[in-house]
Every structure is written in C-alpha cells, then in structure tokens.
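Thanks for coming, everyone. I'll take you through a structure that is new to most of you. Please have a look at it first.

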Amino acid sequence: MPSRLGAVGAAAPTDTHARTPQVPAPVPPDPADGIRARRAGAAIARVEPITTARALRGPFDYLLGEELVGRTRVGSMLVVPFGRQKLLGVVVGLADGSELPRERLLAPLRALEPGIPPELVELARWIAGEYCSTFARALTLVLPPGAAKRLSGRRRRAVAAPRHQAVGAAAAEAPEPGPDQAAALGPLLEALRAGAGGRFLLHGVTGSGKTEVYLRAAEQALAQGRGAIVMVPEIALTPQIVARFVARFGDTVAVLHSRMTPGQRYEQWRRLREGEARVCVGPRSAVFAPVAELGLIVIDEEHDASYKHEGDPRYDARDVAAERAARAGALLLAGSATPRPESVHAMPLLSLPRRVDGRPLPPVEVLDMRGQRAGLHPVTTAALAAVREREGKAIVLLNRRGWSNFVSCRSCGRVWSCPECDVALVLHRGGGYLACHHCGHRERAPAACTDCRSTAVARHGAGTERLEHDLRHALGDATPVFRLDADTAARDGVTGVLGRFERAPSGVLVGTQMVAKGHDFPDVTLGVVVDADSTLRFPDFRAEERTFALVAQLAGRSGRGGANGRVIVQSHAPGTRALRFASVHDAEGFVTEELKRREAFGYPPYSHIVKLQTASPDHQAAMAAADALASAIDVAGGRLLGPTALFKRKGLERFQIELKSFDRALAVQEVREAVELVSASRAGKDVKFSVDVDPQ
Ligand code: ADP
Ligand code: ZN
Ligand code: ZN
C-alpha cells in the first residue's frame, strides 16, 4: 500500500527506514487555496502533523497520489512521513501548487477514514488562538477517539456499541409542559425555527423542569433535520439526564463517557459522524462531537468547574460551545440552578422559578461556629439524630477527604510533608497511609517520629473519612453511613456508592462536593454543609461564587420532604454575602450583587485574566524565566501581577504571573510572543511554561 502511494511523489520514500526523508518545509496558509483547489482537483494537501512539540509549526505540504486526490478534504486524516517518523496528520488546507518544487514534496502513506468534519478543524484553529496553544494540540481535541493509536496500522475491528438500557415507555412520554416551562420554551422554539442561532440562560432549581425543556428543544431541532449536543458535568454523576434522553430519542442518541473503552467511544463517534445518531450526550469533550447540521447545544449545570479543561489547550468547553454554536447557526442553551455571573452578563435569562411538584425549597439555617468546638454543631447533631429517629435520609458535605489534614510529632514538632511538593501529607487511616493530594505520593502512616522516635504523633483536622467514622459511631447500626469522595469513587465507583444510598431505606451520605452534584434523591430531608468556609478561604475572586453554588446546589438536592426539609450550613463567617443569599435561595440576587462587585474591581466578565506559570526543578531557573516573561510582556492598558512564588509541586519550583487586561486578543498575543521569546532564550532552558487564558 505505501509503495503505491509513495511512487507518486518523486522524493517519497517507499520505506521510511531505507533512507531519511527530509522534513517538509512549512508553507504559509492562504485561505483562498481551498476554493481554488476544489475546482482544480487539488494535488497538494497542507497537513498539520499531530505532535505536542510547541516549536514545530505546520502546515507542511504533501503531494497527493492519484487515489487520494479526489478523496482528500479539509479534515482528512493522513499518515505522513515526517523526518524519521511516521506521524498522523490532519489536512487543514488544499492547494494546487506549492512554493516548493514538486520533486521535494513527500507523499502521504495512507488515509484514515472517516476524517474529521471540516468545521471542527476550523474550531480547533480558533481554540489554538484563543487559548494560546498550537494548532496541532488543538486538533488532538477533535480527533476521533483512539485515532493516534490507529497509527500502528492494525485495522480496527468493528466494536458493538453497548446497548443503552431500554427505559420504560412511560418514562419516554412527556407531560404537557407547565406554564413556566411553556414561557421558557416560547423564545427557544422560536429561535430554533428561525434557525439563526442565539443564546439563552435557563435558571431553575433542581426539579423545576429544566431537563424537560432541554428535551423539547432537542425534539424541535431534530424535527427540523438538525442535530444536538447535550453537555453534562460528569456522566457518572448525572445518569438521570442520560437515561431520559435515551428514553425519549432511543438509538438517535450517542453517549460518550470516560469509562468506555476507546473502541466503544470510537463506535459512538462513528455513529455520529455517519449520521446514524443525531444527538450526543456527554461531558466536556462532547462539544467536539461530529454532529452534522448542528442545531442545538445544551450545557447542563453550566456553573460546573469540570467544563474547564486543565491540560494544554486549557479551553473552557462553555466558551467553545458558544463559538461552535455561533459558527453553525445553532442555539446555545445553558442551564443551572446557580448560573455564573459571566453567563448572566452575556445571555438573556429564562426562569423556572418553582419546582414542578410545587414543594417549597427547604429553609436554610446558617450556624455560627465561632466559639464552637470543631466538628458538628450541637444543632447539627440533633438534626441528624432526628433523621435517625424518623428513619429518613441526610446528605453531609465536607470538602476535604482523608482522616486528618496533617500529622505532627508532639515532642519535636515534625510535620509530615510531601517530598515532591511543599504541602503537608493527609492521613488516610483506613488504608494506613499518608498521601499527598497534589502528586499522589504515598507513604506508610508513621507509628513513631522518624526524627526523635517519640510515639506521640498528633492528628489535626478532620476529613470525610473521619467524619464517616464519627457519624457511624453517633448514629448506630440502624442508620447506615455511605461515603462518596475520590477515594471511595476509585474503589466502588460513584454509581456504586450513590446506588447503595438510593436503595437504602434510610441513611446518611457523607462526602466531598461530589455529593452536591447532578443526582436528585427525593427522600432526602436534611442537607448539611460542615465547613462552608473551606471554599471561602481560597484567595480567589471566585471564592464567594463557589461557596454560594455549593450551598445552593446542596439545598436544591435535599429537603424535598416538604415541611420536614431542612438545610444546615456551619460557618465561621455566617454573615458572608454568599451565605446570606444562599440561605434565602436567591441566586439572581447573589449574581446581581456579584456583578456589581466584579465591575467595581475590574474582574471578569469586565476584564480578562491570563495566568502564566513557569516550572523547573531549579528554583533560580523558574524564577529567572518568570522575571524574563514579566519584562517581555507589554501591559499596555492592562495590569501585571507577579512573578509570585507558588508552592513546589511534583518536584517543580513554580512562579506565576497574572495579566489582567480589557483587550483579550491583545493580551493573548502579548503572552504568546513573550512565551515564544523567553522559551527560546537562555532563560527558558529546562523551564516549562504554561498559559491559562480565563483561568478558573
Ligand atoms: P430539572 O432538570 O430542573 O431538575 P426535571 O426536568 O428533571 O427538572 O423535572 C423534575 C421532575 O418533574 C421530573 O420527574 C420530570 O419528569 C417532572 N416534570 C417535568 N416537567 C413536568 C411537567 N410539565 N409536568 C409534570 N411533570 C413534569
Ligand atoms: Zn519527633
Ligand atoms: Zn506531592
């Protein structure tokens, strides 16, 4: 196969090991090429090789053999010879001529079918610019699942997709929309019919009928022959919404999630690509699903932090969704019980102010923990005892996992800390180990001090593991306690823990913020936030927003038992704005005040923030690189903070610079140029750079 293709280009090697082919020379793209080329039956493909190397910038020209000429489009995936390697490349443009003489051009070895839709190639180009990354890295986001692995040349076996659980026909049938839903649907259906896109923010508490609105909007899109993407925070935490889409639309739905094998995910991708499925439900990455004729993108729980991607490119799937919808003329619908100030600022608001079942939201009591012993307030203990007496259910949130925050020696003061990071190790008593929550380092829990041999080792603070233990002790055997945090999720799976809690006739679910997400337990009558200050303590302008969302989300998921429902929030700062608004369920009031504050201080959405980090095993090198960056950036009209030292993490010394600017494009360009300059200079040696535009 390669030999036949290779024979077309004079310089194309038939065997990449036989001799070293030259690295193709980059050619500047010309947007007019695509059009010209289509007419002429273009013979040159401009290919972006998929590599993470920042220094390597394509596209590179390749000469198409006869059998590839007609079939190659923007988005086609080609295996190309590149230096001594074979790389997967994506066609980002076509041309009938090259600046290089034909005999110097190499030929692709083969094509992988089906390719990427051209609009996703263009979306990747936009992401690279918007988030200060490279085109090649952005393209990895839109590749079909497992594409890079297919380079090995093995033919993919057809994989049977897991059948979605058939859900009873009753569940698939909608009740007529209520008056609030009808009012919200009006402008949505109208926008869909017009087919000209638009954006809306749907604000409604849990149980107010948002999902039903999403379903109706999707129905309308499908009726018009268009497809839909439904983004959810995490599939494991949101099985109900997936089940309802599958019940309503059957095989038209493709579900993507991380627990699928690459083969299963590829099969879902292929079904969408070939039009067998028209609706994609999935997490953040679903924004890149190859849905043709896209008519609608839904972002459920739009406040959720998981929509921000934490690897290069550090994209925000909500902004990518807005861009993709705008390009496709699709409607963007973001929904939440606690919408972000950014979204309220940017989109017209639709409200579902009441729960469908008519039940009121539970009263929220904020308990002042000043002067109290750490742990549970007596009022909280009494409320939990009442749940036990009634044989009811409660959810208790403590946003810290493990047994104790840190351990120290009572005799010499030694604190056990991570050898790779400047942080204290957390005791996990059940497993008998200390763990670093930043790098994953583990060591045996000490029986005695390694410095002075004293056996008086003290544990400080309490996490979910300790709280679980204390609650078991306090509640007795008749009231089971279930723990949900990253540790139990890794062991038993999120669905496993939540399923056991759901099936139990009574019990307490204790855990980190995972307990406040997605799912909905109608028989929970008490919700407790043990330490509402844990999110407030972060030195971040979003600290209050996070605290508000956490409390309001928990309140929305508990206290469904009407008059018996109750939410308790323990705090050392009970008067904080976030808690005042959360205690009266006033999300819109909170956002209004929050936007005023952001405007006064010039925070997003009234400005843009770009964070830069340097990291190196060598303290001096990381610092010098940060200094060089700071002086290379021209902050015209903006403000530059730092460099500030961050704590050592995974063996790397780190420095941070924060750029605040009113001109986003200018800031990104400044930062890109500064990073390119410094990383190529002596100050950039052995230093890693990372750029985060719109950090969370
Ligand atoms: P949300 O997504 O805001 O949490 P849902 O759409 O899940 O709300 O609605 C909550 C419950 O009310 C679900 O059981 C749903 O089937 C039901 N429901 C939604 N809309 C209606 C309606 N118009 N009439 C009757 N029941 C409804
Ligand atoms: Zn000691
Ligand atoms: Zn560590």
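Start with a pairing. Strand β14, residues 393-397, runs parallel to β21, and the two are joined over 5 bridges. Find Ile395, and opposite it you will see Leu509 of β21.

Before going on, a word on what we are looking at. This is a predicted model. The average pLDDT of the protein chain is 88, and 89% of the residues score at least 70. Some stretches fall short. Residues 31-40 have a pLDDT below 50, and in the model that stretch makes 11 contacts beyond near neighbours in sequence. Residues 162-172 are also below 50, with 13 such contacts.

Back to β21. Which other strand pairs with β21 in the parallel sense, over 4 bridges? That is β20, residues 481-484. Here Val481 is the residue opposite Val508 in β21.

Now, is β21 covered or open? Mostly covered: of its 5 residues, spanning 507-511, 5 are buried. Take the faces one by one. On one side sit Gly507, Leu509 and Gly511, and all are buried. On the other side, Val508 and Val510 are buried as well.

Next, the metal. Which residues hold the zinc ion, ligand 3? The protein donors are the SG atoms of Cys418, Cys421, Cys436 and Cys439, lying 2.3 Å from the ion. The 4 donor atoms make angles of 104 to 113 degrees, and the site is tetrahedral. Along the sequence, the donors follow the spacing C-x2-C-x14-C-x2-C.

Look at where two of these donors sit. Cys421 is in the loop between β15 and β16, while Cys439 is in the loop between β17 and β18, so this pair ties together parts that are 18 residues apart in sequence. Their surroundings are worth a glance too. Cys421 has a relative accessibility of 1%, so it counts as buried. Cys439, at 28%, is partly exposed.

Last stop: helix α21, residues 619-632. How far apart should its ends be? With 14 residues at 1.5 Å a residue, the expected span is 20 Å, and the end C-alpha atoms of α21 are indeed 20 Å apart.

Which residues of α21 are buried? Ala621, Ala622, Ala625, Ala626, Leu629 and Ala630. Remember the helix rule: at 3.6 residues a turn, residues three or four places apart point the same way. As for what covers the buried residues of α21, the list includes strands β24, β25, β26 and β27, plus helix α22.

That's my tour. Questions, please.

Terms used:
Residues numbered from 1 in each chain as written. Chains lettered and ligands numbered in written order. Predicted model: local features only at pLDDT ≥ 70, side-chain atom pairs only at ≥ 80, totals over all residues. Heavy atoms only, no water. Buried < 20%, exposed > 50% of the residue type's maximum accessible area, 1.4 Å probe, protein only. Pairing = 2+ DSSP bridges. Donors = N, O, S within 2.8 Å, 3.2 Å for Na, K, Ca; no water. Tetrahedral: all angles 85-135°; square planar, octahedral: opposite > 155°, others 65-115°. Expected span 1.5 Å × (residues − 1). Contact = heavy atoms within 4.5 Å. pLDDT = per-residue confidence, 0-100.
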